[in-house]
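Work through the exercises below with the sequence and the model at hand. Try each task before reading its solution.

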Amino acid sequence: MKITLLFIGLLLVASAVAQQDHEPHPNGVIYGTAVTKDGQPASNVRLLAFPLGISGALIPHTKTNDAGEYRFENLPWWGGYTVFADDDEAGYSNMGGPPITGPPDIEITPEHREAELDLFLPPKSGFLKIELTNRRTGDSISSVRVTVMATENTESPLFSAYWKSSRAILLPPDRNLLLHVTADGFHEWDESVGEGKLLLLPSGSKRTIVVQLEPAD
């Protein structure tokens with residue numbers, strides 16, 4: 001009886017392996033057109049195709065052409081994908097986290113290897129440049145730590161990260177934000193201590209603020 005059961009088990013394993021060998025290797029395609037909030041082609045914008053349920057993997061990326069058309073080829077996993085813009089120079093940033101918590105935008109399967117998805121991109125971010133210096137010496141400070149919160153929720157920051165002072169920070173546009181600015185070895189910026197510095201940047205706008213920090217010693 002045991003030998004019979006073992007033989008049946010081996011047959012089932014062999015059958016499953018054979019079935020996997022005959023399944024097509026994932027090489028899906030997602031294509032479409034990306035447009036801005038004004039309905040214009042989103043030309044030369046970097047896009048990511050985030051595979052839901054896959055962790056620690058290299059995220060496929062592509063770029064739109066002048067007409068806003070894009071195409072992901074040879075996608076290495078079957079399943080659901082969320083496609084979004086991630087291009088700081090173009091004004092699309094995901095510092096608050098990419099929109100990957102909801103249902104997938106689209107799915108590709110062995111039966112439906114190609115899928116069309118037209119994208120409507122959100123408003124461009126606002127660009128904030130911080131000119132950061134040591135209050136005592138006037139020397140530039142190369143790295144800044146920025147924490148950004150929404151005025152309606154001061155418990156959880158939208159994001160908190162270190163940035164090169166020479167690099168613009170992309171912020172959610174047309175929204176009241178609270179900004180905290182500091183750097184290693186320095187006290188927090190006087191104007192952001194407490195609740196934070198109130199800031200609102202229109203979509204696509206650029207602003208520079210001058211910040212002097214007091215050394216912590």
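Four exercises follow, each with a worked solution.

This is a predicted model: local features need pLDDT of at least 70, side-chain atom pairs count only at pLDDT 80 or more, and totals for chains, interfaces and linings use all residues. Residues are numbered from 1 along each chain as its sequence is written, and side-chain values use heavy atoms, with hydrogens and water left out.

**Exercise 1. The chain as a whole**

Task: Describe the chain by its secondary structure, burial, contacts and surface.

Solution:
- Start with the elements. The chain has 1 helix and 15 strands. Helices (H or I, at least four residues) and strands (E, at least two) are DSSP runs, numbered from the N terminus.
- Next, burial. Of the 217 residues, 36% are buried (under 20% relative accessible area, 1.4 Å probe, protein chains only).
- Then contacts, meaning heavy atoms within 4.5 Å. Among contacts with a separation of 6 or more, 66% link residues 24 or more positions apart.
- Last, the surface. The accessible area is about 12,900 Å², by the Shrake-Rupley method with a 1.4 Å probe. Carbon and sulfur atoms hold 52% of that surface.

**Exercise 2. Strand E1 and its cover**

Task: Is strand E1 mostly covered or mostly open?

Solution:
- Locate the strand: E1 spans residues 28–35.
- Count the buried residues: 6 of 8.
- Conclude: E1 is mostly covered.

**Exercise 3. Partners of E1**

Task: Find strands that pair with E1, and give the direction of each pairing.

Solution:
- Set the criterion. Two strands pair if DSSP finds at least two bridges between them.
- Take E4 (residues 69–75). It joins E1 through 5 bridges, running antiparallel. Thr33 stands opposite Glu69 in E4.
- Take E7 (residues 114–116). Here the pairing with E1 is parallel, over 3 bridges. Ile30 has Ala115 of E7 as its bridge partner.
- Take E8 (residues 119–120). It runs parallel to E1, with 2 bridges. Ala34 is matched with Leu119 of E8.
- Recall the general rule: strands of a sheet pair through backbone hydrogen bonds, either parallel or antiparallel.

**Exercise 4. An open sheet**

Task: Which strands stand at the edges of the open sheet of 4 strands, and why is one side of each left without a neighbour?

Solution:
- Read the order: E11-E10-E13-E14, with antiparallel pairing.
- Pick the edges. E11 (159–164) and E14 (197–199) each have a single partner strand, so one side of each lacks a neighbour in the sheet.
- Add the twist. Neighbouring strands are turned by 35 degrees against each other on average, direction ignored. Axes are lines fitted to C-alpha atoms, and angles run from 0 to 180 degrees between N-to-C directions.
- Check one pair. E10 (residues 143–150) and E11 run antiparallel, joined by 6 bridges. Arg145 stands opposite Tyr162 in E11.

Key:
Buried means under 20% relative accessible area, exposed over 50%, partly exposed in between (1.4 Å probe, protein chains only).
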